[in-house]
Structure formats: structure tokens, C-alpha cells
Amino acid sequence: MHKQEELYSNKIFFNAALPLIKVIANDVPSLKKQFKNVHAVIQVSALDPDSEGGKIGMHYVVNGDDWQVHLNKVDPKPHVELEFKSVEAMNAFFKGKIGPATLPKMRGVAKNFGAFKAFLMTLLKMSSVLSAEKPPEDEETKQLMVKCFFYLLSSGISQLNKMGHPEIHAWTSKSPDRVYAFAVNDHPEVSAYLRIKAGKSRAGRGEYKRAMPFFTLRFRTFDDALGILLGTADMLEAVKKGNLIMDGAPEFGGQIGAFMLEVGALAK
């Protein structure tokens with residue numbers, strides 16, 4: 001029987017962090033080039049005796065620039081697979097505890113080395129982005145990092161709600177139809193949102209255009225966003241300086257901030 005915290009972490013890795021592989025592969029030119037001639041099903045899985053079939057996982061169907069991400073689905077015959085021996089081993093690996101006890105079995109490497117190499121390089125890039133302790137120097141990487149964090153946080157909060165996380169589900173259960181958004185001034189391409197209503201939630205990428213969001217965490221620059229996202233800046237001080245603007249309903253800023261911290265804690 002798994003501890004509930006392990007299940008929360010695992011769901012965030014499978015359904016919020018690993019989908020970022022597609023984002024990174026498409027946004028980083030050097031990595032996008034690596035996938036030019038790749039046509040493969042690439043899977044990440046973990047053995048789990050408590051699940052149907054004894055395994056849980058997700059996979060990508062990659063055809064060059066075209067990526068399809070299949071969450072909560074195990075492909076019986078992937079071309080490349082990283083298979084962890086348990087949910088706990090997978091969590092530990094993605095939290096940086098890499099060693100003999102946490103390394104996955106790597107299947108299909110010899111026959112599909114090009115796909116494996118490209119995927120591994122992108123996985124390492126994702127790890128470096130999400131585990132960073134200070135902002136990068138170049139603007140392109142700053143933009144990628146903020147985008148990935150926005151996607152991770154919105155999806156992570158939604159996934160925890162769907163799993164019945166007590167505090168988050170209590171919040172969504174009492175809520176009317178509302179949209180909470182993350183944004184950076186003058187960069188609509190770097191934004192994400194979370195829509196909640198009566199216990200249900202859905203994370204989305206980009207701007208929510210059907211209506212004005214109920215609440216938006218809006219940052220002045222990428223550096224200002226990374227100060228909060230990496231925990232190197234104080235949220236109240238950022239608001240005072242105008243580096244962080246709480247649009248719509250500022251009294252909800254602390255609540256969203258707490259849920260952001262919860263996702264971050266489960267992913268590290």
C-alpha cells in the first residue's frame with residue numbers, strides 16, 4: 001500500500017511534469033532537431049501491483065515535430081521505455097535521488113537509439129529546468145522556465161484536486177465557475193490557467209479567452225516571475241514593488257500561493 005503523499009507526487013510527475021517533455025522538445029531548437037527523424041512510441045512507466053495490469057504509465061507517440069501525449073495509458077509494445085520498479089523508485093528518481101535502487105530499466109535502446117538519445121537529452125533538460133535554484137542568464141531559457149513552471153503548477157493543482165487532496169478539493173467543491181491564471185506582461189505566449197467549478201478542475205495552456213479570469217497572478221518580467229517561482233523573492237515585497245500584480249481578486253493570492261507551494265513540495 002502506497003503512502004498518499006507518494007501517490008500525489010507520482011501523479012504530478014506523470015500528468016504534470018512529464019507532459020512538459022513535448023513543450024521542451026518543441027521550444028528548444030537543438031532538441032527539436034534531435035527528433036527530426038524520430039518515429040516512435042516512447043513510454044515512462046512504473047510497476048505497481050495495486051493497479052490493473054500491474055503497471056501504470058504514460059506514453060508519447062512521436063513523429064518528428066508531431067507529438068501526441070497519452071496520459072494514464074500503458075502501451076503494450078513501446079519502441080522505447082523507461083520502466084521503474086515501483087512508484088516510490090520513480091518519485092525518488094525524479095526528485096534527484098539517482099542510484100541503483102531508483103534507476104529504471106531502459107528497453108529498446110539498441111534498436112531505437114536515436115529516439116532514446118533524443119528523449120534522454122530532453123528529459124535531462126526538463127530536470128535542469130525544474131530543479132534550478134537560480135534564474136538562467138539568457139532570456140530564451142528564462143521564458144522556457146517560466147512557461148514550464150506555469151504549466152506544471154496549473155496542471156499539478158488540477159491533478160491533486162482530481163485525486164481528492166483535502167485542502168484543494170475543499171476549495172474547488174465550494175467554488176462557482178472561476179478561472180485562475182498565470183501571466184507575464186507583454187508575453188501572452190507564456191501563460192496558463194486553471195478553471196474550477198463545484199469540485200471539478202481543468203488546467204489549460206495559454207490565455208483563457210472566453211472571459212476575464214476571476215484572478216490572475218501577473219508578473220512584470222520573467223525575472224520577477226522566477227523570483228517567486230524559485231522561492232528567492234518574497235511575495236508581499238514583490239506586490240509592494242509592482243513586480244507581481246494580483247488582478248481581479250487579490251484576497252485569493254495567498255490561497256493560490258499555498259497550493260503552488262504544495263505542488264512544488266511534492267515535486268521536489
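1. Let's start at the hairpin: in this predicted model, β2 and β3 are joined by a turn with 2 residues between the strands. Glycine 64 sits in that turn and has a positive phi of about 65°, so it is a handy place to begin if you are checking backbone torsions.

2. The two arms of the hairpin, β2 and strand β3 (residues 66–70), run antiparallel and are joined by 5 bridges. Two pairs help to fix the register: valine 62 is opposite tryptophan 67 in β3, and histidine 59 has histidine 70 as its bridge partner in that strand.

3. On to the next pairing. Strand β1 (residues 39–47) is matched with strand β2 (residues 55–63) through 9 bridges, again in the antiparallel sense. Here alanine 46 faces isoleucine 56 in β2.

4. How are the strands ordered in the sheet? The order is β3-β2-β1-β4-β5, which makes an open sheet of 5 strands with mixed pairing. As a general reminder, strands of a sheet pair through backbone hydrogen bonds, in either the parallel or the antiparallel sense.

5. The edges deserve a look too. β3 and β5 (105–107) each have a single partner strand, so one side of each has no neighbour in the sheet. From one strand to the next, the twist averages 15°.

6. Finally, a helix: α5 (residues 113–130) lies across β1, β2, β4 (80–84) and β5. Its direction makes an angle of about 50° with β4.

Note on methods. Residues are numbered from 1 along each chain as its sequence is written. This is a predicted model: local features need pLDDT of at least 70, side-chain atom pairs count only at pLDDT 80 or more; totals for chains, interfaces and linings use all residues. Side-chain values use heavy atoms; hydrogens and water are left out. Two strands pair if DSSP finds at least two bridges between them. Helices (H or I, at least four residues) and strands (E, at least two) are DSSP runs, numbered from the N terminus. Axes are lines fitted to C-alpha atoms, for helices over the stretch in contact, and angles run from 0 to 180 degrees between N-to-C directions. Contact means heavy atoms within 4.5 Å.
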